[in-house]
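The following exercises concern a ligand and the space that holds it. Please work through each task before reading its solution.

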Amino acid sequence: MAQPYIVGLTGGIGSGKTTVSNMLRSQGVEVIDADEISRSLLTPGSFALEELTRHFGEQILNADNSLNRAALRELIFNDSAARLWTDNLLHPLIREAILVLVRNSNSGWLVLSAPLLLESAAYGFVDRVLVVDSPEQLQIERSLQRDNANVEQIEKIMVAQLSRKARLAAADDIIRNDGDIAHLQHQVAKLKLFYEEQANVRHQTG
Ligand code: ATP
């Protein structure tokens, strides 16, 4: 089987990446999710979690020895050296796991959802960049509803991420997540058809 046509899906915090991925998955599209991979690499006893704990101490663990995500997030978004160290540990592992899944895929096309798709040179292999875009105020509101985070923390993360303008400039396709779920669903359905066509063309022309 030829390598699948790869659509890289990205967007800022709370923009709607997971919602879009879930819609696509429910329609049978294969989605590789960098956040899910990151979580699976950081289970208790894993190499990556042991390394993190060695470096930062037990402050990043919950009582049951699982990763305390809020504690790690707080730490790395207040200390750029800590963030760099963590990125240097996790990003190559995540990329390798993604490439294994891509190599083993039987799909004609797939979606790779990665928050840092555009921040990192590691994802140069994607064929098409799809950005989910939300107004910043909505990003904050939706993130607040979902997490136990506070506004300051979310704003810090937004500042550390690529700017909305830069992200949009890098996009081949844009989903505007500024309305209700039906509005999102409509755009996702249209793009799905488009990517199916693109993948067919790719596989026919080799
Ligand atoms: P993160 O980068 O923080 O993981 P994300 O980009 O994956 O975020 P989602 O988790 O998909 O974003 O969306 C954030 C929250 O907003 C979720 O609770 C989701 O259900 C909600 N949401 C997303 N899009 C819409 C919409 N169009 N209408 C209403 N709620 C929405």
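On a 1 Å grid over the protein atoms alone, a pocket is an open set of points where a 1.4 Å probe fits, with protein on both sides within 12 Å along at least five of seven lines; lining residues have an atom within 4 Å of a point. A molecule sits in a pocket if more than half of its atoms lie within 2 Å of its grid points. The model is predicted: local features need pLDDT of at least 70, side-chain atom pairs count only at pLDDT 80 or more, and totals for chains, interfaces and linings use all residues. Residues are numbered from 1 along each chain as its sequence is written, and side-chain values use heavy atoms, without hydrogens and water.

**Exercise 1.** State which pocket the ligand takes up.

*Solution.* The ligand occupies the space of the largest pocket. The volume of this pocket is about 1,400 Å³. Among its 46 lining residues, Asp35, Arg39, Arg73, Pro115 and Gln161 are the closest to the centre. Helix H5 (80-103) contributes the largest share of the lining, eight residues.

**Exercise 2.** Identify the closest residues around the ligand.

*Solution.* The shell holds 14 residues (a heavy atom within 4 Å). The closest are Lys17, Thr18, Thr19, Arg146 and Asn177. Helix H1 (17-26) supplies the largest share, three residues.

**Exercise 3.** Find the distances from polar side-chain atoms of Thr19 and Arg146 to the ligand.

*Solution.* For Thr19, the distance to a ligand oxygen atom is 2.5 Å. For Arg146, the distance to a ligand oxygen atom is 2.8 Å.

Note on methods
A polar contact is a pair of N or O atoms within 3.5 Å; within protein, one must be able to donate a hydrogen and the other to accept it, and residues adjacent in sequence count only if both atoms are side-chain atoms. Helices (H or I, at least four residues) and strands (E, at least two) are DSSP runs, numbered from the N terminus. Grid points are joined across faces, edges and corners, and a volume is the space filled by probe spheres set on the points.
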